[in-house]
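Work through the exercises below with the sequence and the 3D view open. Try each task before reading its solution.

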Amino acid sequence: MIKAEWFYWLVGALFMVLAVQMAADRTNPKRFGTAAFWGLLGAGFVYSSWVVNKSAPAEPLGAAVLVMICLAAFGFTGRGKARTTTTEERRASARKHGSKLFLPALTIPAVALVCAVLVPKLSFGGGPLLQKGSETILGLGIGAIVALVLAMVMLREKSVAAPLHAGRSMLESMGWAMLLPQLLATLGTIFAVSGVGKQVGILTEAVLPHGSVITAVVVYCVGMFLFTVIMGNGFAAFPVMTAAVGWPVLIEQAHGNAPAVLAIGMLCGFCGTLVTPMAANFNVVPAALLELKDQYGPIKAQLPTAVVLLGCNIVIMSAFAF
């Protein structure tokens, strides 16, 4: 059986290999801090397996996270000179391959879908081929490997050094912002455990008109939107607003269809992701990578779509979730 743990080990190993590359890159004036940041992250992916099965203490993992925060916050990470092709070489390659260049990227969701839907029906040696409950995450990892192989075959690249250097360049360009989804999702869990959602629920129930389902839907959807704007991630807002309004009011009191209410609520959160600079990995980093003159250009372009989608989600939930 292929375990999800193996996928995390592979990710950790990749980060540590790239950290070695970063440490050896003399074009990066902050190479050792950069290498330490990504090396600690890679080691965390491996070490956390022992923390989960309680064979190792969690304190070293927490200390590593604090060190990573200090490295990023005090400017000890930087970017070296990327080893890549020239602009003319990339243009020539784009003209040669055309739309085929999208095939590796499209391969990842296709393989993930197959692993999530079809592979669980298969068995090997009397047991499942993929770890039960982890088919999607394993499909994502397998899809990435298949996409890498396909891309190397398409571009006739014989050395793995090229994708490794490209991956290192991308990591250095995105920097710590790449970890925001994980950090903010954890923040949402902390808020939920500390009772923030419960307190918001008490305030909401005191204000909401009793029995007004439409008003509750609006409060839940708009709340998901606003909390995501504040926290930068729909996964961080979800535990808070669901504990406050989604579950106690819309599902338990109004007898809403739980999958519909929760799924549409998460979509409302994603509308908030489109318009917040807190989602730096989603909105600010792409602007930097594309060298846009206005770093908030993506947010301004996405704002009308976000507002329209939020309204559509409110209508859909009101019409079909009850």
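The exercises that follow concern a predicted model, and each one has a worked solution.

**Exercise 1. Overall description**

Task: State how many helices and strands the protein has, and describe its extent and its surface.

Solution. Start with the secondary structure: the protein has 14 helices and 2 strands. Next, take the extent of the C-alpha trace, which spans about 65 × 60 × 45 Å along its principal axes. Then turn to burial: 36% of the 322 residues count as buried. The exposed surface of the protein is about 18500 Å², and carbon and sulfur atoms supply 72% of it. Last, consider the contacts with a separation of 6 or more: residues 24 or more positions apart account for 71% of them.

**Exercise 2. The largest nonpolar core**

Task: Find which elements give two or more residues to the largest nonpolar core, and list the contacts of Tyr-220.

Solution. The largest nonpolar core has 28 residues, and those touching the most other members are Tyr-220, Cys-221, Val-245, Leu-250, Val-261, Leu-310 and Met-317. Two or more residues each come from α10 (213-231), α11 (234-253), α12 (258-273) and α14 (297-320). The largest share, 8 residues, belongs to α11.

Now take Tyr-220 and set aside its neighbours within four places in sequence. Its contacts are then Phe-238, Met-241, Thr-242, Val-245, Gly-246, Leu-250, Val-261, Leu-262, Gly-265 and Met-317. Apart from this core lies another one of 21 residues, including Phe-37, Leu-41, Leu-71 and Val-119.

**Exercise 3. Two buried positions in helices**

Task: Decide whether Thr-242 and Gly-139 are buried or exposed, and name their contacts beyond four places in sequence.

Solution. Thr-242 sits in helix α11. Its relative accessible area is 10%, so Thr-242 is buried; the cut-off for buried is under 20%. Beyond four places in sequence, Thr-242 is in contact with Tyr-220, Trp-247, Pro-248 and Leu-262.

Gly-139 belongs to helix α6. With 0% relative accessibility, Gly-139 counts as buried. Its contacts beyond four places in sequence are Val-111, Ala-112 and Cys-115. Cys-115 is itself buried, at a relative accessible area of 6%.

**Exercise 4. Positive phi**

Task: Give the location and the accessibility of Lys-54 and Arg-156, and say why their phi values deserve a look.

Solution. Begin with the general rule: most residues other than glycine have a negative phi, so positive values are worth checking. Phi of Lys-54 is near 65°. Lys-54 lies in the loop between α2 (31-52) and α3 (59-73), and it is exposed, with a relative accessible area of 74%.

Arg-156 has a positive phi of about 55° and is not a glycine. Arg-156 is placed in the loop between α6 and α7 (161-174). Its relative accessibility is 70%, so Arg-156 counts as exposed.

**Exercise 5. Salt bridges and cysteines**

Task: State how many salt bridges and disulfides the structure holds, and describe the salt-bridge partners.

Solution. The structure holds 4 salt bridges. In one of them, the side chains of Asp-25 and Arg-168 meet at 3.0 Å, N to O. Asp-25 is in the loop between α1 and α2 and Arg-168 is in helix α7, 143 residues apart, so this pair links distant parts of the chain. Both Asp-25 and Arg-168 are buried.

Glu-88 and Arg-91 form a salt bridge whose closest N and O atoms are 3.2 Å apart. Both lie in helix α4 (residues 87-97), 3 residues apart, or about one turn of the helix. Arg-91 is partly exposed at 47% relative accessibility.

Asp-294 and Lys-300 form a salt bridge with closest N and O atoms 2.8 Å apart. Asp-294 is partly exposed at 29%, whereas Lys-300 is exposed at 57%. Salt bridges that share partners also join Asp-25, Arg-168 and Glu-172 into one network.

For the cysteines, the search of the whole structure finds 0 disulfides. Cys-312 is in none, and the nearest cysteine sulfur, that of Cys-271, is 8.7 Å away; a disulfide needs sulfur atoms within 2.5 Å.

**Exercise 6. A nonpolar surface patch**

Task: Identify which residues form the nonpolar patch on the surface, and locate Leu-129.

Solution. The patch consists of Ile-2, Trp-6, Tyr-8, Trp-9, Leu-122, Phe-124 and Leu-129, with about 680 Å² of accessible area together. Helix α1 (residues 4-24) gives the largest share, 3 residues. Leu-129 is in the loop between β2 (127-128) and α6 (135-154), and it is partly exposed at 31% relative accessible area.

How values were computed
Residues numbered from 1 in each chain as written. Predicted model: local features only at pLDDT ≥ 70, side-chain atom pairs only at ≥ 80, totals over all residues. Heavy atoms only, no water. Patch = residues over 30% accessible without salt bridge, like charges linked within 9 Å, V, L, I, M, F, W, Y side chains within 5 Å. Areas by Shrake-Rupley, 256 points an atom, 1.4 Å probe, with all protein chains shown as cover. Helix = DSSP H or I, 4+ residues; strand = E, 2+ residues; numbered from the N terminus. Buried < 20%, exposed > 50% of the residue type's maximum accessible area, 1.4 Å probe, protein only. Core = buried A, V, L, I, M, F, W, Y, C linked by side-chain atoms within 4.5 Å. Contact = heavy atoms within 4.5 Å.
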